[in-house]
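Trainee: Got a minute to go through this model with me? I'd like to start with pockets, so tell me how that word is meant here.

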Amino acid sequence: MATLRRIMAFASLAAVTACGTTSPSGGRPCTAIGSREGVGLDIRAPDAARVDSATMTICWNGTCRTSRVELTASSAAVPGECPDGPPDGVCGASASPTGDKNGFADVQGLPKAPVKVTVDLRDAAGDRVLRRTLDVTPHATYPNGRKCGEGRPQAQLTLAGGRLSVRR
């Protein structure tokens, strides 16, 4: 019976340690987390209050892909109370709306090369708030850090003060 327990304990330990993979350099574990392929959009307040919907058209090598961008309200973490006091106490936080909006256009096959991105923003009545075209170069993402390999390419755009720009 003791031998069976040792075998079960060893098998359990082997299963748990096999759950992660290590980075090519043998450092910290690399998880199975991935990254989305496409173009992100952040719309800062007060511009965000006027925008109800967004589409993006991304073009390269003679082809274009148009995506509807679902916009969601942005929030920021606000520290809560620490009843037991730091550094060992348990503290809380809550999400507080910022007045900004954000969204993401999923784009399969997005290259790590220059593309043209046209952003079309509309208000609740369907009237155009902004239409701009920018030259953008998507870059590789590293969701687990550079030692764990490259994720899918992304680009990030920001609308602030009526001006659309590429966020690096």
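Mentor: Sure: on a 1 Å grid over the protein atoms alone, a pocket is an open set of points with protein on both sides within 12 Å along at least five of seven lines, while a cavity is a set of points where a 1.4 Å probe fits but cannot get out. Lining residues have an atom within 4 Å of a point. Grid points are joined across faces, edges and corners, and a volume is the space filled by probe spheres set on the points. Also, the model is predicted, so local features need pLDDT of at least 70 and side-chain atom pairs pLDDT 80 or more, whereas totals for chains, interfaces and linings use all residues. Residues are numbered from 1 along each chain as its sequence is written, and side-chain values use heavy atoms, without hydrogens or water.

Trainee: OK, how much space is in the largest pocket?

Mentor: About 170 Å³.

Trainee: And which elements give two or more residues to its lining?

Mentor: Strands E10 (139-140), E11 (153-160) and E12 (163-167). Strands here are DSSP runs of E with at least two residues, numbered from the N terminus, and helices are H or I runs of at least four. E11 gives the most, three residues. The lining includes His-139, Gln-154, Gln-156 and Arg-167.

Trainee: What's the mix by class?

Mentor: Four nonpolar, five polar and two charged. Nonpolar covers Ala, Val, Leu, Ile, Met, Phe, Trp, Tyr, Cys and Pro; charged is Asp, Glu, Lys and Arg; the others, Gly among them, are polar.

Trainee: Back to E11. Why is it largely enclosed?

Mentor: Seven of its eight residues are buried, so the rest of the structure largely encloses E11. Buried means under 20% relative accessible area with a 1.4 Å probe, protein chains only; exposed is over 50%, and partly exposed is in between.

Trainee: Which way does E3 run against E11?

Mentor: Parallel, with six bridges joining E3 (residues 38-43) to E11. Strands count as paired if DSSP finds at least two bridges between them. Ile-43 has Leu-159 as its partner in E11, and Leu-159 in turn is bridged to Leu-164 in E12.

Trainee: How many bridges for E11 with E12?

Mentor: Five, antiparallel. In that hairpin there are two residues between the strands, and Gly-161 takes a positive phi near 60°.

Trainee: New topic: how are E4 and E5 joined?

Mentor: By seven bridges, antiparallel, between residues 53-60 and residues 63-69. Thr-57 sits opposite Thr-66 in E5, and Asn-61 in the hairpin has a positive phi near 50°.
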